[in-house]
Amino acid sequence: MKKIFLAAILLVAAASQSIHAETVVSDQMRAVRNDFQDRKFGIFLHWGIYSMLGDGEWVMHNKKLDRTEYAHLAGGFCPSWFSAREWVLLFKEAGAQYVTFTSRHHDGFSMWNSAASDYNIVKATPFGRDVIKELSAACAQEGLKLHLYYSHMDWQRLDYPTGSCQNCPHDPGTTNWETYYAFMNQQLTELLTNYGPIGAIWFDGMWDHKEKEFDWRLKEQYELIHRLQPKCMIGNNHHGAPIEGEDFQLFEQDLPGQNTAGFSKDQAVSNQLPLESCQTMNNTWGYSITDKNYKSSAEVIRRLVKAAGMNSNLLLNIGPRPDGQLPDEAVKILQDVGAFMHKYGSSIYDTRGGVVPPQPWGVTTQKGKKLYIHILNHEQDGKISNEGLERIDGSLSFMMPKGKYSIKQITRMDTGASITFRNESEGTRVFLHSRPTTDQTDLVLVAQLN
Ligand code: GLC
């Protein structure tokens with residue numbers, strides 16, 4: 001008996017140690033991560049010289065463009081309508097609380113005045129303006145955080161040791177990991193020294209090397225970032241479970257736990273780190289002149305709400321045009337999301353995924369003793385689905401499964417009207433007085449918990 005007891009104590013001690021190892025994080029970083037989760041909604045911007053070709057940010061690769069020929073695009077890049085302030089005001093109006101900007105994408109072009117490479121927006125274009133400087137000033141002025149996307153791989157530099165990329169330079173004579181690694185760290189140092197507080201570095205492209213033995217030397221790079229700016233978070237779109245040094249987990253084109261896009265099959269959802277799902281408005285990240293396949297505003301709003309209900313942020317992408325303006329469709333979606341957030345933002349910001357996990361009828365978010373119930377049962381085309389809704393005693397109702405909660409009262413968020421509910425063996429049954437309507441993007445109820 002004694003032995004069993006001792007074994008149990010050791011087991012508990014071992015378990016708490018391993019949990020501890022996972023959760024060692026400074027109070028300062030814990031506060032930063034919490035603030036990030038509170039912000040809930042960010043705008044992703046894919047903008048570079050590729051925008052001029054109007055065929056997404058992968059155009060150089062996909063069209064097998066000659067790298068030196070492609071580089072000449074820089075000489076014609078002059079986004080005359082660009083105004084960081086106008087962009088940021090629009091994002092703020094939409095309810096976004098941070099912006100993630102592509103500082104350097106896979107094409108290797110830097111969107112700031114980099115000392116590490118002349119292949120940049122100030123030195124290589126007639127535009128000659130440092131857009132990261134302008135964005136950082138506009139974000140600071142409006143209270144939005146600036147995050148920077150940074151590509152690990154490079155289709156332009158000859159010292160980058162190309163991995164699986166087929167249409168990339170592969171000359172062992174010029175490849176030099178040491179100079180390439182030093183170059184990346186010099187650039188990251190510039191970004192984290194000259195542009196004020198950066199909310200996060202968002203890495204991408206590591207999947208170019210699938211071989212296990214390829215060493216990206218991330219530990220050292222992550223330490224450099226955290227040393228330069230201890231409050232700068234690190235995220236990496238490596239499509240795997242987060243590794244040491246990373247402060248949030250990313251999901252590409254999917255909500256946490258889903259894998260419709262095929263990038264998340266190896267990702268268990270972290271219950272420790274903040275989560276962020278990045279999604280496009282149409283099908284492309286960088287500007288596309290042909291891709292008009294935009295989601296409806298209602299669909300975008302429901303994705304934002306679903307993300308919040310799954311304890312995740314939504315990073316909503318826009319591919320600005322080469323003239324420096326945002327596509328009209330994107331502006332319209334932002335305005336509609338803004339109208340929704342203006343009314344219902346308090347059921348999203350500062351919340352976490354609610355005590356009732358996602359259900360066929362929708363999701364819940366929670367702030368203290370307030371549980372926000374979001375009824376989202378619309379199909380992609382906007383039609384109402386009956387999933388999770390049942391007609392009982394002549395009234396439409398849905399079930400909230402039993403859990404560690406009890407409800408004092410429920411009201412509708414828009415009208416304040418009181419909502420009837422009753423406890424049943426499976427959980428709480430909530431009665432809707434009327435059917436959600438097709439123009440009701442999200443029917444929000446507020447439950448006061450005991
Ligand atoms: C993928 C794409 C890249 C894009 C990123 C955004 O990694 O390759 O172009 O920037 O997704 O999540």
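**Exercise 1. Work out the strand order of the open sheet of 4 strands, and find its edges.**

Step 1. Trace the open sheet of 4 strands from one side to the other: the order is β12-β13-β17-β16, and the pairing is antiparallel.

Step 2. Look for strands that pair on one side only; these are the edge strands β12 (390-392) and β16 (421-423).

Step 3. Add the geometry: from one strand to the next, the twist averages 35°.

Step 4. Zoom in on one pair of this predicted model. Strand β13 (residues 395-401) meets strand β17 (residues 427-432) in the antiparallel sense, with 6 bridges between them. To find your place along the pair, start from Met399, whose bridge partner in β17 is Arg429.

**Exercise 2. Now do likewise for the open sheet of 8 strands: which strands stand at the edges?**

Step 1. Write down the order, β5-β4-β3-β2-β1-β8-β7-β6, and note that the pairing here is parallel.

Step 2. Check the ends. β5 (233-236) and β6 (249-252) each have a single partner strand, so one side of each has no neighbour in the sheet.

Step 3. Consider the turn between neighbouring strands, ignoring direction: on average it is 25°.

Step 4. Pick a pair to inspect. Strand β1 (residues 41-45) and strand β2 (residues 98-104) run parallel and share 4 bridges. A handy marker is Ile43, bridged to Val99 in β2.

Step 5. Finish with a helix. α2 (residues 27-39) lies across β1, β2, β5 and β8 (312-318), and the helix runs at about 60° to β5.

**Exercise 3. Describe how domain 1 and domain 2 touch, and say which element gives the largest share on the side of domain 1.**

Step 1. Set the bounds: the domain assignment gives domain 1 as 31-351 and domain 2 as 362-449.

Step 2. Take the centres over C-alpha atoms; they are separated by 36 Å.

Step 3. Count the residues in contact: 16 from domain 1 and 15 from domain 2.

Step 4. Stay on the domain 1 side. The elements giving two or more residues to it are α9 (297-309) and α10 (328-344). With 8 residues, α9 supplies the largest share.

Step 5. Sort that side of domain 1 by class, and you get 8 nonpolar, 4 polar and 4 charged residues.

**Exercise 4. List the residues that surround the ligand and sort them by class.**

Step 1. Go around the ligand: you will meet His46, Glu57, Trp58, Asp204, Asn237, Glu252, Cys278 and Trp285.

Step 2. Split this shell by class: 3 residues are nonpolar, 2 are polar and 3 are charged.

**Exercise 5. Judge the confidence of the model: where does pLDDT stay under 50?**

Step 1. Begin with the whole protein, whose mean pLDDT is 93; 94% of its residues reach 70 or more.

Step 2. Turn to residues 1-22, where pLDDT stays under 50. For this stretch, the model has 1 contact beyond four places in sequence.

Terms used: Residues numbered from 1 in each chain as written. Predicted model: local features only at pLDDT ≥ 70, side-chain atom pairs only at ≥ 80, totals over all residues. Pairing = 2+ DSSP bridges. Axes fitted to C-alpha atoms, helices over the stretch in contact; angles between N-to-C directions. Domains from an automatic or database assignment. Contact = placed C-beta atoms within 7 Å. Nonpolar A, V, L, I, M, F, W, Y, C, P; charged D, E, K, R; others polar. pLDDT = per-residue confidence, 0-100. Near = placed C-beta within 6 Å.
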